[in-house]
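Visitor: I would like to know what lies behind the labels people attach to a model like this one. Please take me through them one at a time.

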Amino acid sequence: MLLSLFYMPAIAQQKPLKLWYAEPAKLWEETLPLGNGRLGMTPNSGLAKEKIVLNDITLWSGSPQDANNYEANKSLAAIRQLILEGKNDEAQDLVNRDFVCKGPGSGGAQWGKFQTLGALELDFDHNGVQGEPAIPKDYRRTLSLDNALATCTYTLNNVKYKREYFTSFDDDVNIIRITSDKPGMINCRITINRAERFEVSTEGQELQMSGQLDNGTDGKGMQYLARVKAKLSGGKLSADQNSLVVKDATELIIYVSAGTDFKGFAFKEKTQEILAAAIKKPYATQKARHIANFSKLFKRLSLDLGAGQAEELPTNFRLSAFYKQSDLDPGMAALFFQFGRYLSISSTRVGLLPPNLQGLWAKEINTPWNGDYHLDVNVQMNHWPVEVSNLSELNLPLANLVKGLVKPGEKTAKAYYNAEGWIAHVITNVWGFTEPGESASWGAANAGSGWLCNNLWEHYAFSMDLKYLRDIYPVLKGSAQFYKSAQIKDPKTGWMVTSPSVSPENTFYLPNGKTASISMGPTIDNQIVRELFNNVITASKVLNIDAAFRKELEERLKTVPPAGVISKDGRIQEWIEDYKETDLQHRHISHLYGLFPAALITPTSTPELAEAARKSLEVRGDDGPSWTIAYKLLFWARLQDGNRAFKLFKEILKPTLRLDINYGAGGGVYPNMLSAGPPFQIDGNFGAAAGLAEMLLQSHDGFIDLLPAIPDAWKAYGNVKGMKARGNFTVDMSWRDGKITAYRISSPLAKKVKIKFNGQIKEITSVKG
Ligand code: FUC
């Protein structure tokens, strides 16, 4: 077969990417997510009662606080000494006493919660049939990933109804359009509500909901406002005290404009201006512009892994079928991958906030884990697919959040470690929290800030954007300064290590049988420090600045522990001592950070460590909350075991309706394809999307590797266009029977690049443009 650098066969017109269902959503976990990076909505498409949960990514309770214990550093020497003496349990008591944040931390009202904005409800009177109407015919609701558009269609009493929903990427409002194919058949009451802290009123024919959240101090926290207006063809619109009433309309378009005063946003004026502009526009133009704006990002990449008959099934049935017999539905992986990209585009936007634990979709006030940002894997995982899947700019909101942590993190570094630079520990919120968490067992992990720097670095590695690198250099440097000045020498090995720290959320047995989490130099910290120092060194060379600091880091690197130490039983050691973990299948697998997202452990450059990583994974098992399964998928992809990675992909698509807070086995997916920890946590979606990409393309080891971990299930045929590799290369490729048949590597300027495919590495020159 012809193999060519320049030739790419025309891509067969890709089938529409769609989720669809034959009934209304009964649970929120069946509703379909729409979002434009600021506003979100999840309609249930109920027949008699439509409930649309609303979100605004900036809606947070709580407020900024200084929870640093400025006396903490006085206990530092004692804590470190106890650890050196092997009395980690006693050190842990001291950490709990002196080395946690002041106050209740994430359990307090000042910490805050990302929470739902509320719900828009439409109570329909289907031509006189009140309450749940007679069985409709041809009910169908869909979500188009290509167009970021949801629909619901049904026939009732011989009238065809259609609802169309989108969160406009053009007008920045939520839009719901309802039509009937016979004149005057739309009758409904429109209301809006939330569980607490709200007032509803009407002003003329505008429905409003407003309120103020708790800031945790004087109660006067963030303010918000939602405005709802309706436009009709035919019929009559009226307003009463707290609802809009639609009578005998043929077309009803509802606009929801919402905002908060986050960062001083003039939400009252802005929501009005935005609404006025939106309502003026013809619907067709509005919808076309929405699709065009969304598509600019979404259409950058196409992936075809073949199709099967299962595609015709409603998505909930398709998921069940896939779990039972995955080989009949090769397209499922492409759908889930593109759903991940869809969710990225929908849950963040340049200039605003990164996706939180639930992206921007929360159905309640008490969001699990406050819907905040966890820095010991979760928020980082949320960003793992964006570079490789050609959505690079969606990394920037995270970079902004991280920049905002530098100042408070400098205070925390001084208060606790008497160190230079900045640190953030395990959790943060939109209020810039960097202090340790409220419990030693997880709160004192040092990995957070360094791990965030990996995300910031990857944006540079993929984009090669020097202006960006210059901009973030002080952030990376400040983080490196922290680790450098906070490290202590382990007298046994001579290595320079963090202390006190925690291997995220994990616990071990001490030789005396007691347990502890506090230790010095957990493996993840050592890997993060090694990677970060190397990145700062590279950055300072590329930017030609800071030679003195670069030298210091080069010196220090000589005493930083290696990327991994192999334990007696052949695994990567999680701690500096070969402790036994209390839970062999613990969900966190932090000591494999060097395998992913870092590139310190690879099958080619460090085969022994790669083998030890494999053993670690075998012992940890394949189950856990969904993010864990996604992380394991990524690890197996990096170990280039395509079939094992595919098995984990199957695991992450295990259908579930569990809603409990799970820390162990049992992750999966809800009918709406959102990832189930349980509960809903979006990192599983993003981690899996990143993992699927990693099976098709890798670029962390000095060359671009095409199909490094392709499973048997995808071998027959495949085609991808628009994936990204480090160095700002764009990769298109096709394959048959597991062998590359055509590829094209392009970049803004033609340059030399090494590429590996079909078992050989060769150097080529990329195509310009
Ligand atoms: C960490 C994880 C949990 C969960 C939570 C949001 O605490 O250990 O599994 O993902 O973050």
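**Labels and the values behind them**

Guide: Residues 698–762 are 0% helix and 60% strand, and their end C-alpha atoms are 15 Å apart. The model is a predicted one.

Visitor: What makes residues 698–762 a domain in the record?

Guide: The label comes from UniProt, where an unreviewed entry lists residues 698–762 as "domain: Alpha fucosidase A-like C-terminal". Such annotations may be inferred rather than shown by experiment. An unreviewed UniProt entry also lists residues 283–696, as "domain: Glycosyl hydrolase family 95 catalytic". Over residues 283–696 the chain is 48% helix and 6% strand, with the end C-alpha atoms 40 Å apart.

Visitor: How do you know that β34 and β35 pair?

Guide: Pairing requires at least two bridges between two strands. Six bridges join β34 (residues 752–757) to β35 (residues 760–765), and the two run antiparallel, so the pair meets the criterion. Within it, I755 stands opposite K762 of β35. The hairpin of β34 and β35 has two residues between the strands, and N758 takes a positive phi near 45° there.

Visitor: Why is strand β3 called largely enclosed?

Guide: Buried means under 20% relative accessible area. Five of the five residues of β3 (residues 39–43) are buried, so the rest of the structure largely encloses this strand. In a regular strand the side chains alternate between the two faces of the sheet. In β3 both faces are covered: L39, M41 and P43 are buried on one side, and G40 and T42 are buried on the other.

Visitor: Which strands pair with β3, and how do you know?

Guide: β2 (residues 34–35) is joined to β3 by two bridges, in the antiparallel sense. The cut-off is at least two bridges, so this pair qualifies. L34 has M41 of β3 as its bridge partner. β3 also pairs with β4 (residues 49–56), antiparallel and over five bridges, and T42 stands opposite V53 of β4.

Visitor: What marks the turns of those two hairpins?

Guide: In the hairpin of β2 and β3, with three residues between the strands, G37 has a positive phi near 90°. In the hairpin of β3 and β4, with five residues between the strands, S45 has a positive phi near 55°.

Visitor: Why is R163 called buried?

Guide: R163 has 0% relative accessibility and therefore counts as buried, the cut-off being under 20%. R163 is found in strand β8 (residues 159–167).

Visitor: What makes the pairing of R163 and E50 a polar contact?

Guide: A polar contact needs N or O atoms within 3.5 Å, one able to donate a hydrogen and the other to accept it. The contact between the side chains of R163 and E50 is 2.8 Å, so it falls within that limit.

Visitor: Which residues are around the ligand?

Guide: They are L357, W369, H374, N378, E505, R587, H588, W627 and Q681. This shell divides into three nonpolar, four polar and two charged residues.

Visitor: How do you know that polar side-chain atoms approach the ligand's oxygen atoms?

Guide: From the distances: a polar side-chain atom of H374 lies 2.9 Å from an oxygen atom of the ligand. For an N or O atom in the side chain of R587 the distance to a ligand oxygen is 2.7 Å, and for a polar side-chain atom of W627 it is 3.0 Å. The ligand on its own has 290 Å² of accessible area, of which the protein covers 97%.

Visitor: What makes A148 and N390 worth pointing out?

Guide: Most residues other than glycine have a negative phi, and most peptide bonds are trans. A148 is not a glycine, yet its phi is positive, about 50°. Its place is the loop between β6 (137–144) and β7 (149–156). N390, also not a glycine, has a positive phi near 65° and is found in the loop between α8 (384–388) and α9 (396–417). A148 counts as buried because its relative accessibility is 3%, and N390 is buried at 12%.

Visitor: Where are cis peptide bonds found?

Guide: One is the bond from F596 to P597, with omega near 5°. P597 is in the loop between β26 (580–581) and α15 (607–620). The bond from P678 to P679 is cis as well, with omega near 0°, and P679 is in the loop between β28 (675–676) and α18 (683–696).

Methods:
Residues are numbered from 1 along each chain as its sequence is written. This is a predicted model: local features need pLDDT of at least 70, side-chain atom pairs count only at pLDDT 80 or more; totals for chains, interfaces and linings use all residues. Side-chain values use heavy atoms; hydrogens and water are left out. Buried means under 20% relative accessible area, exposed over 50%, partly exposed in between (1.4 Å probe, protein chains only). Helices (H or I, at least four residues) and strands (E, at least two) are DSSP runs, numbered from the N terminus. A residue is near a molecule or strand if one of its heavy atoms lies within 4 Å of it. Accessible areas come from the Shrake-Rupley method with a 1.4 Å probe; for residues, only the protein chains shown count as cover. Ala, Val, Leu, Ile, Met, Phe, Trp, Tyr, Cys and Pro count as nonpolar, Asp, Glu, Lys and Arg as charged, and the others, Gly among them, as polar.
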